[in-house]
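Here are a few exercises to work through with the model open in your viewer. Try each one before reading its solution.

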Amino acid sequence: MELLCPAGNLTALRAAVDNGADTVYIGFRDATNARHFPGLNFTPEQAARGVEYAHQRGVRVLVAVNSYVQAGGWAQWQRSIDEAARIGADAVIVADLGLLEYTAEQWPDLGLHLSVQASATTPEALDFYKRCYGVSRAVLPRVLSIQQVEALAGDTDVELEVFGFGSLCVMAEGRCLLSSYATGESPNTVGACSPAWAVQWQETPEGREARLGGLLIDRFAPDEPAGYPTICKGRYDVEGALEHAFESPTSLETAELLPRLKRAGIHAVKIEGRQRSPAYVGKVTRIWRQLIDRIPEAEGDYTPDPAQVAALREFSEGATTTLGPYERNWQ
Amino acid sequence: MKIAIGPILYHWPAADIRRFYDGLRGRVDTFYLGETVCGRRRELRPEEWIGLGRELAEEGHEVVLSTLSLVEARSEASVVRRLCDNGELRVEANDFTAVSELQRRGLPFVAGPILNLYSGRALRAMQRAGAVRWVPPMELPGASLRGVLGEFAELGGAGMETEVFAYGRQPLAFSARCFSARHYDRPKDDCGFVCGHHPEGLPVTTRAGEPFLVINGIQTQSWGCVNLLPAIADMQQMGVTAVRLSPRPGAMDEVVAAFRSAIAGEPVTLHEPEPAQQCDGYWWGGAGHTRKAPEAGMAE
């Protein structure tokens with residue numbers, strides 16, 4: 001089972017490679033990928049150096065071009081595909097139909113993976129992308145239970161990649177407009193959820209307030225950890241009750257599922273976090289390398305190394321983790 | 001320009017569903033029928049939706065069967081397949097399970113609003129898969145829609161109908177998790193269909209008291225009700241072929257009448273819901289929850 005690690009810059013890429021990633025995924029420094037944050041990501045020159053560094057060490061590099069081409073934006077998105085091919089990336093990760101078609105026609109030798117943003121959840125959907133565009137691998141959205149993932153793996157000949165660790169999108173990826181409802185910008189349109197320019201922090205007598213696009217997402221007491229205001233992790237009034245109506249701040253962590261994922265034939269486990277620091281990427285990569293290398297062959301009860309699980313929790317939002325939708329009770 | 005009634009997004013009892021359609025018979029051009037939000041909701045079974053569709057079609061309406069938006073279980077995929085195999089009525093694909101089934105059968109279909117078509121090339125690719133009509137994403141601004149249609153034409157695309165979601169609470173997100181069940185502290189698999197307690201969704205208000213979103217099972221909608229009456233003339237000019245009005249529990253008569261008048265070029269105002277609950281920000285290129293000043297058009 002392949003370990004896929006994120007990199008938001010060259011230092012992070014080297015950290016992932018040096019700590020045991022099989023594959024690193026990156027994006028260019030513009031709206032053509034779903035982690036379009038200020039100061040993050042690669043120029044084509046940096047990406048070329050990253051590919052060289054990784055390839056010399058037997059590690060593959062994927063380039064995410066996984067936001068949706070906007071009206072008038074074709075040249076920019078096409079350039080990202082062309083650059084990825086030119087620098088020798090092993091595959092591109094794409095969701096947009098026009099880009100899938102273009103890549104299949106113009107770069108038949110470039111690997112083509114279906115992004116999580118396409119939100120394909122069934123053998124029928126996967127088969128469409130394979131049939132029409134030759135997609136060889138798909139990243140599953142964080143909506144299926146472990147049983148559904150296992151069943152899907154048995155029903156498709158498209159390679160599957162699943163999220164193993166990192167931030168948890170509560171909504172189906174590529175199907176969430178909450179960010180643009182508040183700010184005008186979303187992952188689909190500009191590659192950003194809750195863009196930093198729309199975030200406002202304010203100290204008030206009631207507590208520290210976090211707003212997005214002027215809307216109050218949460219208010220924190222002085223001793224309360226204050227998370228970045230993403231709408232799905234905010235606290236709201238629902239019928240007079242104050243609650244995390246969608247999800248509380250937490251991260252996805254699936255170490256205990258590794259034997260089942262491997263037995264089901266899942267090809268790759270993906271670590272989320274291109275926006276994270278090189279130190280984070282290095283440490284998390286090292287832990288996951290060990291977890292994957294130590295998956296027992298025999299069936300039976302499996303408990304991942306508690307020390308490693310504890311270490312992962314330290315890196316998690318709200319210092320808590322969840323199996324998320326893999327576990328039916330979460331749904 | 002035609003008037004279409006989108007699929008009912010809420011969990012209403014079967015009798016209310018039938019009453020809703022009875023009230024609109026003969027008054028609109030197109031009905032979209034079917035459960036698009038939650039595979040557990042079975043107030044009408046697929047056969048019953050198809051039966052209702054045949055009835056409405058015989059009366060001269062165009063009827064389209066809408067498929068589920070987030071397909072997870074095999075049983076849900078087989079419902080999608082059943083709708084695609086109805087043999088008579090057109091289908092609206094709301095995920096790529098349906099697109100795949102329809103493309104494989106060579107059937108013309110409607111590409112629903114959450115298939116993420118944001119450019120002329122994507123629309124052209126969807127046309128090649130068999131789409132004859134599309135509903136642009138909620139968040140696509142009017143100016144961008146004009147751009148997409150221009151690109152589509154430049155690429156040699158023709159004969160694609162465009163239907164704009166012009167009225168109703170906007171579907172914004174879909175999740176594996178049922179937020180209605182979560183609010184009532186019930187497991188999804190034994191939800192008691194608590195989403196039915198809220199025929200127009202469960203309001204989510206910020207801690208500052210601003211109404212923000214509504215919860216509708218696994219779907220999150222805008223609290224604001226989009227009203228694009230002020231944009232009708234623009235839409236006609238750019239070749240939009242239909243407006244989609246999304247069902248609300250009451251007042252649809254008045255809403256249909258207002259859109260009918262606006263399409264005929266008559267000045268019209270709509271106070272359903274009250275103006276403070278209306279929004280149109282996406283169309284004008286802003287945040288979805290905002291509302292452009294009234295001087296923009298004829299509504300208000």
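**Exercise 1.** Find how many aromatic pairs a search of the whole structure gives over all chains, then classify the one formed by Tyr181(A) and Tyr282(B).

*Solution.* Searching the whole structure turns up 19 aromatic pairs over all chains. Rings of Phe, Tyr and Trp (its six-membered ring) pair if their centres lie within 6.5 Å; planes under 30 degrees apart are stacked, over 60 edge-to-face, the rest tilted. For Tyr181(A) and Tyr282(B), the ring centres are 6.4 Å apart and the planes meet at 55°, so this pair is tilted. Next, place the partners: Tyr181(A) sits in helix α7 (residues 178-183) of chain A and Tyr282(B) in the segment after β12 (278-279) of chain B, so the pair joins two chains. Helices (H or I, at least four residues) and strands (E, at least two) are DSSP runs, numbered from the N terminus. Finally, Tyr181(A) and Tyr282(B) are both buried, where buried means under 20% relative accessible area, exposed over 50% and partly exposed in between (1.4 Å probe, protein chains only).

A word on ground rules: this is a predicted model, with local features needing pLDDT of at least 70 and side-chain atom pairs pLDDT 80 or more, while totals for chains, interfaces and linings use all residues. Residues are numbered from 1 along each chain as its sequence is written, chains are lettered from A in the order in which they are written, and side-chain values use heavy atoms, leaving out hydrogens and water.

**Exercise 2.** Do the same for Phe246(A) and Phe179(B).

*Solution.* Start with geometry: 4.9 Å centre to centre and 80° between the planes makes this aromatic pair edge-to-face. Then location: Phe246(A) is in the loop between β13 (241-243) and β14 (251-253) of chain A, and Phe179(B) is in helix α7 (residues 179-183) of chain B, meaning that the pair crosses between chains. Both Phe246(A) and Phe179(B) are buried. Zooming out, Tyr181(A), Tyr236(A), Phe246(A), Phe179(B), Phe212(B) and Tyr282(B) form one aromatic cluster.

**Exercise 3.** Describe the surroundings of Phe174(B).

*Solution.* First, Phe174(B) belongs to strand β7 (residues 161-175) of chain B. Its relative accessible area is 2%, so Phe174(B) is buried. Now list contacts (heavy atoms within 4.5 Å). Ignoring neighbours within four places in sequence, Phe174(B) touches residues including Met171(A), Ala172(A) and Arg175(A), plus Ile114(B) and Ile218(B). As a last check, Gly157(B) is 17 residues from Phe174(B) in sequence and 31 Å away in space, C-alpha to C-alpha.
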